[in-house]
4 protein chains.
Amino acid sequence: MTTTKKAAPPSERRAHLVRLAADLFAEQGFRATTVRQIADAAGILSGSLYHHFDSKESIGDEILRGFLDDVLGGYREAVTGVDDPRAAIERMVRFSTAALSRHRAALTMLQNDWAYFSAQKRFAYLRTAMREIEQTWLDQLERGKQTGQFRADLDARLAYRLLRDILWIPTSWKQARGRSWTTDEIVDGLLRLLFDGIVAR
Amino acid sequence: MTTTKKAAPPSERRAHLVRLAADLFAEQGFRATTVRQIADAAGILSGSLYHHFDSKESIGDEILRGFLDDVLGGYREAVTGVDDPRAAIERMVRFSTAALSRHRAALTMLQNDWAYFSAQKRFAYLRTAMREIEQTWLDQLERGKQTGQFRADLDARLAYRLLRDILWIPTSWKQARGRSWTTDEIVDGLLRLLFDGIVAR
Amino acid sequence: MTTTKKAAPPSERRAHLVRLAADLFAEQGFRATTVRQIADAAGILSGSLYHHFDSKESIGDEILRGFLDDVLGGYREAVTGVDDPRAAIERMVRFSTAALSRHRAALTMLQNDWAYFSAQKRFAYLRTAMREIEQTWLDQLERGKQTGQFRADLDARLAYRLLRDILWIPTSWKQARGRSWTTDEIVDGLLRLLFDGIVAR
Amino acid sequence: MTTTKKAAPPSERRAHLVRLAADLFAEQGFRATTVRQIADAAGILSGSLYHHFDSKESIGDEILRGFLDDVLGGYREAVTGVDDPRAAIERMVRFSTAALSRHRAALTMLQNDWAYFSAQKRFAYLRTAMREIEQTWLDQLERGKQTGQFRADLDARLAYRLLRDILWIPTSWKQARGRSWTTDEIVDGLLRLLFDGIVAR
DNA sequence: AATGAATGAGACTTCATTCAT
DNA sequence: GATGAATGAAGTCTCATTCAT
């Protein structure tokens with residue numbers, strides 16, 4: 001009846017439910033959140049959720065896809081036409097941080113339940129996407145070494161792994177008690193740490 | 001060395017079971033691991049575990065306490081009689097990394113199931129211990145700022161939070177597929193990144 | 001008449017299940033009855049009970065509250081506007097007997113599992129209610145002593161304890177093999193025994 | 001090796017264990033008491049109990065037999081050579097009360113777990129013994145009616161059932177908080193209630 | 001006599017999911 | 001779109017009992 005009506009008929013109601021679920025996933029993790037909690041948040045019974053989704057995993061799928069589409073698109077844009085690798089990395093960092101704060105649930109799911117998702121065929125795209133993300137970072141780091149902007153002895157893959165996980169960190173703090181820093185402060189602190197370390201010069 | 005606990009009469013068998021459980025917790029998380037899996041790993045029936053522990057949480061408790069006792073002791077030793085804050089931090093970093101690799105399960109539990117544990121009275125000591133750990137870091141970072149070794153504009157608390165989580169990262173990689181770096185390489189990479197950044201000079 | 005409870009949305013199905021459970025509790029005791037037996041009696045799986053109740057204890061709670069509300073209400077009514085203590089006691093006896101036969105499960109639970117229930121915070125109201133019941137009896141017994149209708153040397157508290165337990169007796173016979181007496185016969189026998197003893201005059 | 005050595009080799013240790021178990025049964029009931037609790041009370045492990053008894057029921061059996069042997073013997077003696085039925089009943093009441101306080105566990109078991117025991121062949125003697133006890137009471141009550149000492153309209157069987165259960169009451173109070181009355185006071189109160197009622201003359 | 005370890009049956013409970021209405 | 005009821009698999013835990021040492 002409605003427009004698309006395939007695996008994911010995009011309705012307002014449906015999108016709203018995904019958002020509610022995402023909030024819960026972000027705070028508790030995917031597995032630790034029950035469909036009943038999601039339904040409660042929506043003010044309906046848990047069984048009624050199945051009019052909108054055919055499984056809990058479908059909701060997870062939707063959230064993860066949304067995140068990866070966003071990140072992948074953003075990274076492609078971040079490096080396109082930017083010659084300076086340091087500038088490109090700074091753009092990637094800033095974009096990552098923004099994207100992660102838009103998709104807190106996806107981050108929690110990737111951190112807490114990676115083993116659960118990546119073991120399923122249905123989520124094979126997760127590995128593919130992560131690989132592209134990795135490659136984008138490696139490209140910029142290697143270019144920086146070639147231009148002499150970055151240390152020649154830098155292990156690009158090691159740096160990437162460290163950086164990726166480091167970028168994930170601040171997002172997982174959100175909504176914590178202290179709440180002392182703005183996103184910008186954190187990113188700046190991170191970039192400063194990243195490029196210059198903590199030692200005074 | 002170790003104090004004899006009443007609630008947990010130490011026995012070889014028991015210690016062995018804790019180790020088996022810890023391996024599973026490290027890989028899957030505490031909640032995601034079932035007592036049946038632990039029992040299977042030990043070659044016994046799940047109910048038989050309760051001859052040794054009065055609950056799954058007791059096993060978790062034992063693992064977490066072991067970790068925190070280790071870390072707290074190590075940190076105290078790392079800073080005692082060390083005047084140079086940079087040296088103290090380097091000692092703390094090296095100790096942390098070693099301790100974390102000795103207690104991978106505890107790390108996974110703290111990362112994945114913090115909400116679950118910290119909500120329980122029984123695990124109130126988690127918060128206490130984390131507070132002491134934080135204070136130890138803050139002390140050294142502040143001292144470094146006073147001596148002029150660290151940047152004067154360094155936000156100590158922000159740096160601590162970033163550093164703590166960053167130190168946790170490499171441990172969670174262990175046993176992953178790539179397995180490209182030794183612990184020492186990772187620590188060195190981390191320290192290098194930490195003190196000097198990635199930019200060439 | 002009945003107040004709508006939040007924790008226990010009333011439904012026909014639910015009420016029916018409580019009744020089934022009550023029958024089993026009456027015959028076997030609360031602890032000795034398994035949720036599986038209750039579910040079997042209802043023709044469903046044991047897990048399905050948890051769609052209606054959040055625990056076995058919730059069922060027990062519902063039964064006990066229903067009983068105490070009934071008794072307390074009845075006692076208040078029994079003594080209101082009745083000047084003659086002997087008449088009041090007779091009304092209380094008759095009401096008790098009727099109430100008990102309406103709530104056989106509650107009686108069994110109080111007799112067999114008092115220790116279990118009264119040890120839990122959730123069932124604190126049990127003690128409160130029993131205290132009010134006791135006070136109602138003591139009031140009437142003392143008044144009877146003052147009016148000279150009852151023996152001056154009567155130990156009111158001792159008499160209450162004996163009477164209360166005595167009143168509980170006949171209900172626990174019901175559904176036994178012999179089944180020789182009607183409720184009225186038992187009450188009359190009891191009242192006769194109570195007021196006049198067994199000795200001929 | 002030892003003297004009898006059949007189903008129940010009477011050793012001091014064994015008797016001691018039975019006593020410990022009886023205390024627990026008296027307070028918690030037979031089913032509600034675990035073998036582990038018994039073992040704990042004895043300072044041994046639960047498995048070690050099986051050197052003395054071949055099952056938990058064996059302990060119950062021993063306790064119940066001891067009680068019934070005592071009561072049956074006492075009743076026979078109470079009525080032998082006593083012509084006056086009122087005197088005989090008073091002797092039976094006094095003996096019952098004394099016996100019950102000596103065998104509190106048996107009483108609790110009979111009250112709480114009668115259904116459990118009486119359903120087993122092994123405990124068939126319970127019914128036999130109860131029948132003899134009942135007959136002894138009926139004999140005295142009927143004789144009292146014939147001599148004109150008791151009311152002619154007294155329903156002997158009803159009176160027996162009431163009396164038996166009434167006699168059980170005070171024992172189940174023991175060890176309660178109030179602890180206001182001595183055994184003698186209770187028996188006297190009971191006899192007074194029984195023979196004369198509460199009404200003043 | 002007792003320990004230490006284990007069994008096996010069964011208890012209460014959780015939860016994603018299904019489906020008739 | 002939603003309800004109300006149920007399923008079925010799985011999870012944590014309990015407990016009487018057994019047995020080699």
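A polar contact is a pair of N or O atoms within 3.5 Å. In this predicted model, a backbone N or O atom of Val35(D) meets that limit, lying 2.8 Å from a phosphate oxygen of DNA strand F.

**Figure 1. Polar contacts between the protein and the phosphates of DNA strand F.** Two of the contacts shown involve the protein backbone: a polar backbone atom of Lys56(B) is 2.8 Å from a phosphate oxygen of the strand, and a backbone N or O atom of Val35(D) is likewise placed at 2.8 Å from a phosphate oxygen. At His52(A), a polar side-chain atom lies 2.9 Å from a phosphate oxygen of DNA strand F.

**Figure 2. The protein surface around DNA strand F.** The strand is surrounded by 29 residues, of which Ser48(A), His51(A), Tyr50(B), Ser48(C) and Tyr50(D) come nearest. By class, this surface has 16 polar, eight nonpolar and five charged residues. On the DNA side, sugar or phosphate accounts for 64% of the strand F atoms within 4 Å of the protein, and bases supply the rest.

**Figure 3. Aromatic pairs of Tyr75(A).** Across all chains, the whole structure holds 36 aromatic pairs. One of them joins Tyr75(A) to Phe95(A) in an edge-to-face arrangement, with 6.4 Å centre to centre and 65° between the planes. Tyr75(A) belongs to helix H3 (residues 56-79) of chain A and Phe95(A) to helix H4 (residues 85-102) of chain A, so the pair ties together parts that are 20 residues apart in sequence. Tyr75(A) is buried, its relative accessible area being 6%. Tyr75(A) also forms an edge-to-face pair with Trp137(A), at 6.4 Å centre to centre and 75° between the planes. Because Trp137(A) lies in helix H6 (residues 124-147) of chain A and Tyr75(A) in helix H3, this pair ties together parts that are 62 residues apart in sequence. Trp137(A) is buried as well, with a relative accessible area of 1%.

**Figure 4. An aromatic cluster in chain A.** Six side chains are shown: Phe25(A), Phe30(A), Tyr116(A), Phe117(A), Phe123(A) and Tyr125(A). Together they form one aromatic cluster.

**Figure 5. Charged side chains over aromatic rings in chains B and D.** In chain B, the charged end of Lys56(B) sits over the ring of Phe30(B), 4.7 Å from the ring centre. Lys56(B) is also the residue whose polar backbone atom is 2.8 Å from a phosphate oxygen of DNA strand F. In chain D, Arg65(D) lies over the face of Tyr125(D), at 4.1 Å from the ring centre.

Terms used: Residues numbered from 1 in each chain as written. Chains lettered and ligands numbered in written order. Predicted model: local features only at pLDDT ≥ 70, side-chain atom pairs only at ≥ 80, totals over all residues. Heavy atoms only, no water. Near = heavy atom within 4 Å. Polar contact = N/O pair within 3.5 Å; in protein donor to acceptor, adjacent residues only side chain to side chain. Nonpolar A, V, L, I, M, F, W, Y, C, P; charged D, E, K, R; others polar. Phe/Tyr/Trp six-rings, centres within 6.5 Å; stacked < 30°, edge-to-face > 60°. Helix = DSSP H or I, 4+ residues; strand = E, 2+ residues; numbered from the N terminus. Buried < 20%, exposed > 50% of the residue type's maximum accessible area, 1.4 Å probe, protein only. Lys NZ or Arg CZ within 6 Å of the ring centre and 35° of its normal.
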